[in-house]
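Grab a pencil and open the viewer. Here are a few exercises to work through, each with its solution.

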Amino acid sequence: MTKPAYQRVLLKLSGEALMGDDPFGINRATIERMVADVAEVSKLGVELAVVIGGGNIFRGVAPGAQGMDRATADYMGMLATVMNALALADAMRQQGITARVMSAIGIEQVVEPYVRPKALQYLEEGKVVVFAAGTGNPFFTTDTAAALRGSEISAEIVLKATKVDGVYTADPKKDPHATRYEQISFDEAIAKHLQVMDATAFALCRDQKLPIKVFSIVKPGALKRVIMGEDEGTLVHV
Ligand SMILES: Nc1ncnc2c1ncn2[C@@H]1O[C@H](COP(=O)(O)OP(=O)(O)OP(=O)(O)O)[C@@H](O)[C@H]1O
Ligand SMILES: O=c1ccn([C@@H]2O[C@H](COP(=O)(O)O)[C@@H](O)[C@H]2O)c(=O)[nH]1
């Protein structure tokens, strides 16, 4: 049988994708399907760490946060990712995967704090680690948290699982003429201000020589194809 292309990966799961077709929140069928995809690759023996977004519940830069102190709104956004992480870990438990949630902000009665050696131990034990609360700092995003945690755990790649199937010349949801890159360098993605990930995340991955694969979590089987090194999504490289 063909072996997975990676031994350890950081999977950034879109918070927004958790909504499915609902206007906000967590759609049950959607989270179960996403977790089934995660379970499939976890069972291949790939060490999986997950950073979950929060856009389905709250964004510090959203209209709902208008007029609020930005740092306060961002802490609300981080707490939203904790809720998603809890839901995700519970859905994993229901599908037979052992997961551990680790939070970047102190909330010990709910989840354990992020401690790097402990996270590495869990990964080596074959547990899925779900990193909650982003970087723990306002003015950042969970994409940057994915770049940060991916670097800390020596992941071979950051897999950005989102609602579009790669990096486009422009936002494909707004520009019907946008075309998809098969691969693109970090420098080009930053220079062209491609908004699929924020520039801080791109820059950190570039400096750490940590490639990113952007692909659709909505497309059935896409995560497994990425893990097996098949042609899927867009590779962002040094
Ligand atoms: N050049 C581009 N190529 C691809 N997608 C783009 C581009 N520019 C903007 N986008 C948009 O970026 C979105 C993905 O990034 P975003 O951070 O908004 O969502 P996410 O990471 O999926 O969700 P969350 O932040 O809730 O985890 C895509 O759904 C797409 O509409
Ligand atoms: O390190 C971080 C990560 C996130 N936030 C806030 O949370 C929301 C939701 O995260 P998304 O990456 O947009 O899904 C984000 O808009 C920020 O408000 C943060 O402050 N720091």
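The exercises below go through salt bridges, the ligand site and some backbone angles.

This is a predicted model, in which local features need pLDDT of at least 70, side-chain atom pairs count only at pLDDT 80 or more, and totals for chains, interfaces and linings use all residues. Residues are numbered from 1 along each chain as its sequence is written, chains are lettered from A and ligands numbered from 1 in the order in which they are written, and side-chain values use heavy atoms, with hydrogens and water left out.

**Exercise 1. Find the salt-bridge partner of Lys160, and say whether Lys160 is buried or exposed.**

Step 1: Get the rule straight. A salt bridge here is a side-chain nitrogen of Lys or Arg within 4 Å of a carboxyl oxygen of Asp or Glu. Counting that way gives 17 salt bridges.

Step 2: Look for the acid. Lys160 pairs with Asp143, and their closest N and O atoms are 3.0 Å apart.

Step 3: Place both ends. Lys160 belongs to strand β6 (residues 157-162) and Asp143 to helix α4 (residues 142-152), so the pair links distant parts of the chain, 17 residues apart. Helices (H or I, at least four residues) and strands (E, at least two) are DSSP runs, numbered from the N terminus.

Step 4: Check the exposure. Buried means under 20% relative accessible area, exposed over 50%, and partly exposed in between (1.4 Å probe, protein chains only). Lys160 has 7% relative accessibility, so it counts as buried; Asp143, also at 7%, counts as buried because of that value.

**Exercise 2. Which acid does Arg225 pair with, and which residues form a network through shared partners?**

Step 1: Arg225 bridges to Glu232, with 2.7 Å between the closest N and O atoms.

Step 2: Compare the two ends. Arg225 is partly exposed at 25% relative accessibility, whereas Glu232 is buried at 5%.

Step 3: Now the network. Lys12, Asp143 and Lys160 are joined into one by salt bridges that share partners.

**Exercise 3. Which residues are closest to ligand 1, and how much of ligand 1 does the protein cover?**

Step 1: Collect the neighbours, meaning residues with a heavy atom within 4 Å. There are 22 of them around ligand 1, and the closest are Ser14, Lys160, Thr162, Tyr168 and Asp171.

Step 2: Go through some polar contacts (pairs of N or O atoms within 3.5 Å; within protein, one must be able to donate a hydrogen and the other to accept it, and residues adjacent in sequence count only if both atoms are side-chain atoms). Polar side-chain atoms of Lys12 and Ser14 come to 2.9 Å and 2.8 Å, respectively, from an oxygen atom of ligand 1. Tyr168 uses a backbone N or O atom, 2.8 Å from a nitrogen atom of ligand 1.

Step 3: Take the cover. On its own, ligand 1 has 640 Å² of accessible area (Shrake-Rupley method, 1.4 Å probe), and the protein covers 89% of that.

**Exercise 4. What is the sign of phi at Ala133 and Ser154, and where does each residue lie?**

Step 1: Recall the background. Most residues other than glycine have a negative phi.

Step 2: Read Ala133. Its phi is positive, about 70 degrees, and Ala133 lies in the loop between β5 (128-132) and α4. With 0% relative accessibility, Ala133 counts as buried.

Step 3: Read Ser154. Phi of Ser154 is also positive, near 55 degrees, in the loop between α4 and β6. Ser154 counts as exposed, at 51% relative accessibility.
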